[in-house]
Amino acid sequence: MELHLIFICINGYEGISVAKKKPDAIKVSRSNTNKSRSINSSSSNIRDVLYAKSKNYGGNTLYNHSLDAARMALTISEYIYSNNDKAETRRCSFISALFHDFGKAAEGFQQMISFTTRKWPPHEGGNRHEILSASILLTNLGKLDNWLNNKNELSSIYLAIITHHKPFKEELHNYPKKIPDNQWFGKCNFLSMYRELLRNKELLIKIWDELIILLKKDKWGNSLIEKGWLPEVLEIIPENEIVDKLLQFYKIYKINGYEFGLINKKQFYESYNSDEVLFFTKIRAITTVADHLSSGGNYYIPPKPIIERYGVFKDKNIKIRAFQKKMGTLKGSVMLRAPTGSGKTEASYNWIRSNQRRIVNNSEYYGNLFYILPFQASINAMYKRLNSWFDAEEGQLVGLQHSRSANTLYSIIEDEIEEYNALNNKSDGWKSILRRFENPWKKDNIQSFVLDDFSDLIINREEARKKLKENKSKKSNDKFKNSVAYNLSNLSREIFYPVKISTPHQILKGILQGRGWESYIFDYFESTIVFDEIHAYDPHLSGMILSTSKLLIEIFNARILFMSASFPEFLIDKIREIIPDIPIIELDSTIKSDYEVLSKTRHMVKIKDKTISEVVVTDEFLDKLDNSESTLIICNTVSVAQKVYSQLKRIITSKYGEESIVLFHSRFKIKDRFNKEKLIQQINSDMNKLRVVVATQVVEVSLDIDLEFGIFEAAPLDALVQRFGRVNRKGKRSSFSNNIWICNPEGYSHLIYNQNKSEYTIELLKSIEGLKISENKLVELINKLYKRHPWTDREEKIFKSAFDYSKIRNFKDFILPGSYRYWIDDIIDEQTSMDVILMEDQFEYRKQKRISALKAHGLIIPMRARKINLMKNGNNPSIFVGEYTYTEELGLIKGDKK
């Protein structure tokens, strides 16, 4: 049998879909004070009697959810990288997902999800169904000859089932959430849980009989039974025998390394080698993701786009430069140094096209793509750009990963709906997001699997799209948008999207084994990874990124592109220390198309020996502003930006109107910041009245804008070059005399930028003041800056300490599947700000949160809040008290609103 894997459905198949009405065997009586479900074990619809999910979470039956998860696991096992263990991966992941929730058959759990009780047991912290599921697995598979000869495979399934919700407790670490010690086999609470399972013994056995009937109809499924991998009859061991049986299996399968929920690392590694541990990790990852995806109602995994079949340079008028072509001929890791606006992203695309396809075990394999950027705003912009690389009707192939991705997606969805309504003069804009749930397997330029002996359990259905269309009661409200945004954000953390755009922290979380690390690392195998703006990281994060890059190349066979417009020589040297033969691609002045870029002059600098707030009120500046169609003012701190904006507001608005000037920085409410971003990105459109943008450095690499004149506070030259890139970006303005002014820093600039580097930058720029600056000259000056002011001894020490961090360098020695390190965020420190809301917004926040958490998040102000007065607010953001107030125009300000 040959089957093309086209699209994956885990519900809605003939004869297995959830009944539209409750079967007679399920009788539910409800009142305000009591809710209960009585079960008749003689029901002909026995598979619909026991439930895995309450109605609040989809209401799926244990039969359907077990099958849903197993089918999804089978799908992921084809999608995920496997070296020589594809058959074992299929078998173990399918069986693990099939058994993972069988413990939910216990009477107490069934009462809990029918709302008869709130907890199981009612007066304690809660019983763990995973332990019961594992007991059913061991007592039914542990006695089969196949598993006795493949003990490690069964151990991997056991591990995956036990830990698919809560982690083990690692030695010396007290997890906030872990598997309770008193519920393990032989402990005091285990038998009480097992008795509750025995009360529904017959129901569970009959569900198994139904599953066996279905599996026998499938060629691959039937082979599991015929070859002795699955029992035809499910056995539930009597209470007086169960503990002895389980402890016997514990010893046979070397599982005692996990005894009583405590990972004994020494014993674990004495029992299993590193390849076996990695296999354990893989089965645990697939099981957990299959459970998450099927529980969330996601019915497929997007295919991997074959990027070499896509064309970014579709416009025939776009000139492909020599360095861009050269990038498309290179195999393996590489560095790229190219000026802002020269087409770095397109060059990276050509490199990706050349490196995505691999040959693994004589089979063609297409790896995942990671595009890494340092700042959330630039990630959001790249998310939109990479989505445009792939045809919209192909469905969603790109995932967004950072700490506020759900907020970003919510705003994007809102914009899509509004735009659809405006263009079509309709109110059903919700349809605009259906394309995200289209069947992407329809196209020829994606990777499809051809399987000679696979399963009819994977079939072609468009259930996800159908489900979305049928959800008409929520089609236009905030709950609907909230749900879609959260779903898309959550999927980005799973083994799901083949293209992911993220911060480096997401990669580091996988390598350092933060929560969910098992599913992260299997996306890295044979992947292509782009680190854009590689110059932008501090010594600590640079050390961790380069150490991780070395690991990704050596263990995961990843290929990495490091690129930047301002790529200092000292950083190039550090990369060459870890990847000795890595080439660096630069524009070649002997080639005409490259020379046109290198020789192009877009800027002329003028140095002002005054602070920026002193300069902007001079007649000279106001005359320059009048003669420029658009002006960008960048300050180093929020307080200076607010000061400059306030100085200019009355003058600018009196000349050009209220909409002619805007302030943009990091201390706005999230909703206000998104609105300002949209306004600034439209600055060059004919309809936009905006002329002046006052901002902090958040605008440096986040917004693709092209203004005529810029005035900036002094900063190190590599940071200034990013600001230069927002002025005369395309180089099409024939006259640009003194279009960049550099002013002395003021306020607390020294806390953000190294003062010595900023001062030497002024010296360097004075040497070319009044001259047209080529891109070659800027690179030369950056290298001079870092030759004079490399990292300090302290910075070098920080870099080396991060680079030598043992948990990265000795990655394989620290793998503990089923465990995670809850302190990882403290090590990599992605969330450098805290969420706060204003005192006057607290009631509105709570009101909106009841409808849509993401809409409520629009009231949040991210801020480094070391010195402000806060009031604790439970799990909600902290509330401002004291001196700070807020206006939509200025953002967060210190003092009274005036």
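Colleague: Hi! What covers the buried residues of α28?
Modeller: In this predicted model, the cover over the buried residues of α28 includes four strands, β16 (601–611), β17 (631–634), β20 (709–713) and β21 (740–744), along with the helices α29 (755–766) and α30 (775–788).

Colleague: And which residues of α28 are buried?
Modeller: They are L717, D718, A719, L720, V721, Q722, R723 and F724. That is eight of the eight residues in the helix, so α28 is largely enclosed by the rest of the structure.

Colleague: You mentioned α29 and α30. At what angle do they pack?
Modeller: The angle is about 140 degrees, and the axes of α29 and α30 are 10 Å apart. That makes α29 oblique to α30, since only angles over 145 degrees count as roughly antiparallel.

Colleague: Is that crossing left-handed or right-handed?
Modeller: Right-handed, as α29 passes α30. On the α29 side the contact is made by K757, Y760, T761 and L764, and on the α30 side by L781, K784, L785, Y786 and R788.

Colleague: How many of those contact residues are nonpolar, polar or charged?
Modeller: Between α29 and α30 there are five nonpolar residues, one polar and three charged.

Colleague: Let's look at another pair. How do α21 and α31 pack?
Modeller: Helix α21 (residues 539–556) and helix α31 (residues 793–803) pack with their axes 7 Å apart, at an angle of about 35 degrees. Their crossing is right-handed.

Colleague: Which residues meet there?
Modeller: From α21 you have P539, H540, S542, G543, M544, L546, S547 and K550, and they meet E795, I798, F799, A802 and F803 of α31. Sorted by class, this contact of α21 with α31 has seven nonpolar, four polar and two charged residues.

Colleague: New topic: where does N557 lie?
Modeller: N557 is in the loop between α21 and β14 (559–564). Its phi is near 55 degrees, a positive value in a residue other than glycine.

Colleague: Why point out the sign?
Modeller: Most residues other than glycine have a negative phi. Q513 is also a non-glycine residue with a positive phi, near 65 degrees. You can find Q513 in the loop between α19 (504–511) and α20 (517–521).

Colleague: Are those two buried or partly exposed?
Modeller: Q513 is buried, with a relative accessible area of 2%. N557, at 38% relative accessibility, counts as partly exposed, because the buried class stops under 20% and the exposed class starts over 50%.

Colleague: What about S502, where is its place?
Modeller: S502 sits in strand β12 (residues 499–502). S502 is buried, and its relative accessible area is 0%.

Colleague: What is S502 in contact with, leaving aside neighbours within four places in sequence?
Modeller: The contacts of S502 are then Y371, I372, L373, I379 and Q401.

Colleague: Back to helices. How far apart are the end C-alpha atoms of α1?
Modeller: They are 25 Å apart. Helix α1 (residues 62–79) has 18 residues and, at 1.5 Å a residue, should span 26 Å, which agrees. Also, 18 of the 18 residues of α1 are buried, so this helix is largely enclosed by the rest of the structure.

Colleague: And the whole protein, how many helices and strands?
Modeller: The protein has 35 helices and 28 strands. Of its 898 residues, 60% are buried. Taking contacts between residues at least 6 apart in sequence, 77% join residues at least 24 apart.

Note on methods
Residues numbered from 1 in each chain as written. Predicted model: local features only at pLDDT ≥ 70, side-chain atom pairs only at ≥ 80, totals over all residues. Heavy atoms only, no water. Buried < 20%, exposed > 50% of the residue type's maximum accessible area, 1.4 Å probe, protein only. Helix = DSSP H or I, 4+ residues; strand = E, 2+ residues; numbered from the N terminus. Contact = heavy atoms within 4.5 Å. Axes fitted to C-alpha atoms, helices over the stretch in contact; angles between N-to-C directions. Parallel < 35°, antiparallel > 145°, perpendicular 65-115°, else oblique. Left-handed = near helix turned anticlockwise from the far one by under 90°. Nonpolar A, V, L, I, M, F, W, Y, C, P; charged D, E, K, R; others polar. Expected span 1.5 Å × (residues − 1).
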